[in-house]
Amino acid sequence: MDDQGRGSGPRPQGAEGPADAGTVDPLPYEGVWRFTAPAVDASVPQARRAVRDLLLRQGVPVADDVAYGLLLIVSELVTNAVRHAALLSPMLAVEVAVGAEWVRVAVEDNHPYRPTALETDHARTGGRGLLLVREITREAGGVCDVEHTANGGKVIWAALPLRTARA
């Protein structure tokens with residue numbers, strides 16, 4: 001994966017981060033990081049490892065269950081970009097934004113199709129990745145959404161509190 005360094009990006013509504021902190025210095029783990037990768041199968045485990053390593057390197061105080069859910073979300077979102085957007089979007093981007101009390105992951109591609117979470121269909125062997133993302137996010141007390149980008153693509157993101165809602 002190619003590390004594009006820090007950048008600015010959208011935050012969950014109402015979440016405070018370094019830009020909102022006024023005169024208070026951001027915590028050492030706060031920031032925004034963006035990685036790009038080709039839309040190929042090998043990028044799925046690479047993206048998951050890159051996010052895991054980033055959280056560890058930055059010392060993000062994320063609860064274990066939140067970290068596991070977050071990494072599963074990364075896997076699902078990158079897999080969807082590889083499977084459904086690669087033809088029109090040979091590259092994808094993964095963004096990780098960390099605030100004082102939340103972490104947000106987003107996967108961006110240049111395909112215009114806005115996916116929807118499918119409900120359970122026991123006859124199908126796939127197609128429930130976004131449903132899984134939505135449920136993991138809800139269980140953790142977070143939010144997720146799909147947004148269009150200025151260049152006609154989309155960003156699918158999930159923001160989770162660093163600690164679970166039921167903790």
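How many bridges join strand 2 to strand 3, and in which direction do the two strands run? In this predicted model, strand 2 and strand 3 (residues 91-98) are joined by eight bridges, and the two strands run antiparallel. Within this pairing, Thr-36 of the one strand stands opposite Ala-93 in strand 3. Strand 2 spans residues 31-38 and is mostly covered, with six of its eight residues buried.

The loop between helix 2 and strand 3 contains Pro-90. Pro-90 counts as exposed because its relative accessibility is 56%, and the cut-off for exposure is over 50%. Although Pro-90 and Pro-38 are 52 residues apart along the chain, their C-alpha atoms are separated by 5.8 Å. When neighbours within four places in sequence are left aside, the contacts of Pro-90 are with Ala-37, Pro-38 and Ala-39.

Helix 1 covers residues 43-58. Its 16 residues should span 22 Å at 1.5 Å a residue, and the C-alpha atoms at its ends are 22 Å apart, so the two values agree. Buried positions in helix 1 are Ser-43, Val-44, Ala-47, Ala-50, Val-51, Leu-54, Leu-55 and Gln-58. These residues lie on the same side of helix 1, because they cover an arc of only 130° around the axis. Leu-56 and Arg-57 are exposed on the other side of helix 1. The helix is followed by Gly-59, which has a positive phi, near 70°.

The largest nonpolar core has 39 residues, of which Val-51, Ile-73, Val-78, Leu-92, Val-96 and Val-103 touch the most other members. At least two residues of this core come from each of strand 2, helix 1, helix 2 (64-85), strand 3, strand 4, helix 3 (129-140) and strand 6. The element that gives the most to the core is helix 2, with 10 residues. In soluble globular proteins, nonpolar side chains tend to be buried together. One of the core residues named above, Val-51, is also among the buried residues of helix 1. For Ile-73, the contacts beyond four places in sequence are Val-105, Val-133, Ile-136, Thr-137, Ala-158 and Leu-160.

Three of these partners of Ile-73, namely Val-133, Ile-136 and Thr-137, appear among the buried residues of helix 3. The others buried in this helix are Gly-129, Leu-130, Leu-131 and Ala-140. Together, the buried residues of helix 3 pack against helix 2, strand 5 and strand 6. Val-133, in helix 3, has a relative accessible area of 3% and is therefore buried. Beyond four places in sequence, Val-133 touches Ile-73, Glu-76 and Leu-77. Val-133 and Leu-77 are 56 residues apart in sequence, and the distance between their C-alpha atoms is 8.1 Å. Helix 3 itself has 12 residues and reaches 17 Å from its first C-alpha to its last, close to the 16 Å expected at 1.5 Å a residue. Just after helix 3 comes Gly-141, with a positive phi of about 85°.

Polar contacts are found at Asp-109, which lies in strand 4 (residues 102-109). Asp-109 is classed as buried because its relative accessible area is 4%, where buried means under 20%. Its side chain reaches the backbone nitrogen of His-111 at 2.9 Å. The side chain of Asp-109 also makes a polar contact with the side chain of Lys-154, at 2.7 Å. Residues touched by Asp-109, apart from those up to four places away in sequence, are Ala-81, Ala-85, Ser-89, Gly-153 and Lys-154.

Gly-152 is placed in the loop between strand 5 (143-148) and strand 6 (154-161). With a relative accessible area of 34%, Gly-152 is partly exposed, whereas Asp-109 is buried. The two residues are 43 places apart in sequence, and their C-alpha atoms are 9.3 Å apart in space. Gly-152 touches Asn-110, His-111 and Pro-112, not counting residues up to four places away in sequence. Of these, His-111 is also the residue whose backbone nitrogen is reached by the side chain of Asp-109.

Terms used
Residues numbered from 1 in each chain as written. Predicted model: local features only at pLDDT ≥ 70, side-chain atom pairs only at ≥ 80, totals over all residues. Heavy atoms only, no water. Helix = DSSP H or I, 4+ residues; strand = E, 2+ residues; numbered from the N terminus. Buried < 20%, exposed > 50% of the residue type's maximum accessible area, 1.4 Å probe, protein only. Contact = heavy atoms within 4.5 Å. Pairing = 2+ DSSP bridges. Polar contact = N/O pair within 3.5 Å; in protein donor to acceptor, adjacent residues only side chain to side chain. Expected span 1.5 Å × (residues − 1). Arc of directions from axis to C-beta. Core = buried A, V, L, I, M, F, W, Y, C linked by side-chain atoms within 4.5 Å.
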